[in-house]
Amino acid sequence: MSVFTSRPAMRWLVPTAAAAVLIGGGAAIGALAASADPVLPPRSAEQLLVDLQTAEVDGMSGTVVHRAELGLPTALTLAGKVGAGEGLGSLIDGTQTLRVWYAGPDQARLALVRTLGETDVIRNGRDVWVWSSQQQEATHITLPEHDDTGAELTPEAYVTPQAAADQALAAIDDSTEVSVGRSAEIAGRTAYELILTPRAEESLVGEIRIAIDSVEYVPLRFAVYPAGGDRAAVETSFTQVSFERPDAEQFVFNPPPGTTVTEAGEDGGPDGIGQRPDDAQQDADPEATAMEEFAKSWADSDDAVRTVGSGWASVLVVTPPAEAADSAPEADAGDSPAAAEALQLLGNLPEVSGTWGSGRLLSSTLLTVLVTDDGRIFAGAVTPERLYEVADETR
């Protein structure tokens with residue numbers, strides 16, 4: 001899902017899981033549920049589904065708050081925040097605030113607000129800027145023209161309420177019960193509520209609730225509730241929203257004095273994203289280079305990553321290449337502090353075993369991960385028993 005998609009409902013702007021991307025955010029979201037239910041004309045679940053797919057918005061802006069409480073082990077959460085950085089680390093656990101502006105498929109802006117600054121992604125025509133106020137660094141990307149199919153080439157970006165809703169709606173099949181919930185008031189707007197309830201007993205997801213603006217029919221809030229829980233584990237919601245078209249000046253970026261600017265051409269260029277210039281290659285961090293080579297070996301292996309099953313009971317299966325599976329994890333870690341820390345975290349997880357073999361299990365509110373002793377990884381929003389079943393089937 002691209003942040004700058006040209007789909008009619010401007011899918012990237014509606015609060016979803018940026019949403020999975022601090023300023024009193026948790027309290028703001030909690031206060032929304034306390035509002036009195038507005039009285040709205042009745043609409044069926046089928047009508048709301050059509051409304052979501054056909055909504056068209058010319059422009060909007062607002063503030064989005066994302067909160068995640070996945071119940072991950074404390075050590076793993078801290079390691080994730082350190083590795084991802086203060087902003088994106090809160091996608092794992094915590095609260096984040098974003099500002100969004102949209103004025104059409106070629107004019108969009110997202111700002112990830114952090115304690116010591118913000119990170120902006122700005123598109124204006126073929127120009128895309130990624131700017132960090134804290135690091136005083138900016139990357140300028142020139143997007144290519146439309147490809148041969150006429151599809152617009154756009155960068156992937158943070159998840160937002162609409163993007164999360166799109167993914168949830170794509171999962172609707174016979175394994176999903178769709179119903180209409182209570183009306184609500186979100187960011188001063190009245191909204192319908194669409195509820196998706198998995199029928200699969202193996203699913204850790206109890207239900208997904210999508211609040212839909214009663215006039216514009218775009219998602220204003222997206223919340224995932226764990227099975228048996230009455231508090232959302234993941235919630236992304238507008239706390240302020242306007243459907244007025246933002247001024248063009250919002251999408252013009254001029255690097256402030258002292259900003260280090262990196263230029264990336266249409267193909268990324270020799271100094272572009274995803275490639276290092278020759279001099280940087282020579283000074284590259286050995287640990288990072290080793291990790292890149294390791295990742296490449298996985299990418300080159302057949303069926304390294306695949307999905308088993310469908311719908312809410314699907315499981316992601318990662319199978320290491322033969323050379324990785326035959327080597328001891330301690331040997332792969334070498335002198336890498338990051339790898340050593342990962343091994344320590346893995347070693348602290350509970351040991352499990354069965355007909356499928358043995359390994360370690362990570363369990364949280366909405367995610368279960370099984371790492372077997374032979375190097376395979378199984379993950380999904382499912383019960384541990386479902387992972388054991390798939391591990392046994394794929395031995």
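Is Asp392 buried, exposed or partly exposed? Asp392 is partly exposed, because its relative accessible area is 29%, which lies between the 20% and 50% limits. The notes below concern a predicted model.

1. Salt bridge at Asp392. The partner of Asp392 is Arg395, with the closest N and O atoms 3.1 Å apart. Arg395 is on the exposed side of the classification, because its relative accessible area is 64%. Asp392 falls within helix H11, which spans residues 384-393.

2. Buried residues of H11. Pro384, Arg386, Leu387, Tyr388, Val390 and Ala391 are the buried residues of this helix. An α-helix has 3.6 residues a turn, so residues three or four places apart point the same way. The buried residues of H11 pack against six strands: E14 (305-308), E15 (315-318), E16 (351-354), E17 (357-363), E18 (368-372) and E19 (377-380).

3. The sheet under discussion. These strands make an open sheet of six, ordered E14-E15-E19-E18-E17-E16, and the pairing is antiparallel. E14 and E16 are the edge strands, each pairing on one side only. On average, neighbouring strands are turned by 25° against each other, direction ignored. H11 packs on this sheet and touches E14, E15, E16, E17, E18 and E19, while its direction makes about 35° with that of E18. As background, strands of a sheet pair through backbone hydrogen bonds, either parallel or antiparallel.

4. The E14-E15 hairpin. E14 and E15 are joined as a hairpin with six residues between them. Gly309, in the turn, has a positive phi of about 85°. The two strands pair in the antiparallel sense over four bridges, and Val305 stands opposite Val318 in E15.

5. Pairings of E19. On one side, E19 pairs with E15 in the antiparallel sense over three bridges; here Phe378 of E19 is the bridge partner of Val317. E19 also pairs with E18, again in the antiparallel sense, over four bridges. In that pairing Val369 stands opposite Ala379 of E19.

6. Salt bridge at the edge strand E16. Glu351 forms a salt bridge with Arg360, the closest N and O atoms being 3.4 Å apart. E16 covers residues 351-354 and E17 covers 357-363, and E16 is an edge strand of the sheet. Glu351 counts as exposed because its relative accessibility is 65%.

7. Other salt bridges. The count for the model comes to 13 salt bridges. One of them joins Glu69 to Arg231, with the closest N and O atoms 2.7 Å apart. This pair links distant parts of the chain: Glu69 lies in strand E1 (residues 60-69) and Arg231 in the loop between E11 and strand E12 (234-242), 162 residues apart. Glu69 is classed as partly exposed because its relative accessibility is 33%. Arg231 is likewise partly exposed, because its relative accessible area is 48%. Both residues belong to a network of salt bridges that links Arg67, Glu69, Arg231 and Glu235.

8. The largest nonpolar core. This core has 26 residues. Leu194, Leu196, Ile208, Ile210, Val224 and Leu366 have the most contacts inside it. Two or more residues come from each of helix H2 (45-54), helix H5 (161-170), strand E9 (189-198), strand E10 (205-213) and strand E11 (219-226). E10 gives the most, with four residues. In soluble globular proteins, nonpolar side chains tend to be buried together.

9. Leu366 and the second core. Beyond its neighbours within four places in sequence, Leu366 is in contact with Leu70, Leu204, Val205, Val224, Pro226, Ala233, Val234, Gly380 and Ala381. Among these, Gly380 belongs to E19, which covers residues 377-380. A second, separate core has 20 residues, including Leu98, Leu110, Ala184 and Ile186.

10. His140. This residue lies in strand E6 (residues 137-142). His140 counts as buried because its relative accessibility is 11%, under the 20% limit. The side chain of His140 makes a polar contact with the side chain of Glu263 at 2.8 Å. Leaving aside neighbours within four places in sequence, the contacts of His140 are Asp127, Val128, Trp129, Thr262, Glu263 and Ala264.

Terms used:
Residues are numbered from 1 along each chain as its sequence is written. This is a predicted model: local features need pLDDT of at least 70, side-chain atom pairs count only at pLDDT 80 or more; totals for chains, interfaces and linings use all residues. Side-chain values use heavy atoms; hydrogens and water are left out. Buried means under 20% relative accessible area, exposed over 50%, partly exposed in between (1.4 Å probe, protein chains only). Contact means heavy atoms within 4.5 Å. Two strands pair if DSSP finds at least two bridges between them. Axes are lines fitted to C-alpha atoms, for helices over the stretch in contact, and angles run from 0 to 180 degrees between N-to-C directions. A polar contact is a pair of N or O atoms within 3.5 Å; within protein, one must be able to donate a hydrogen and the other to accept it, and residues adjacent in sequence count only if both atoms are side-chain atoms. A nonpolar core is a set of buried Ala, Val, Leu, Ile, Met, Phe, Trp, Tyr and Cys residues joined through side-chain atoms within 4.5 Å. A salt bridge is a side-chain nitrogen of Lys or Arg within 4 Å of a carboxyl oxygen of Asp or Glu.
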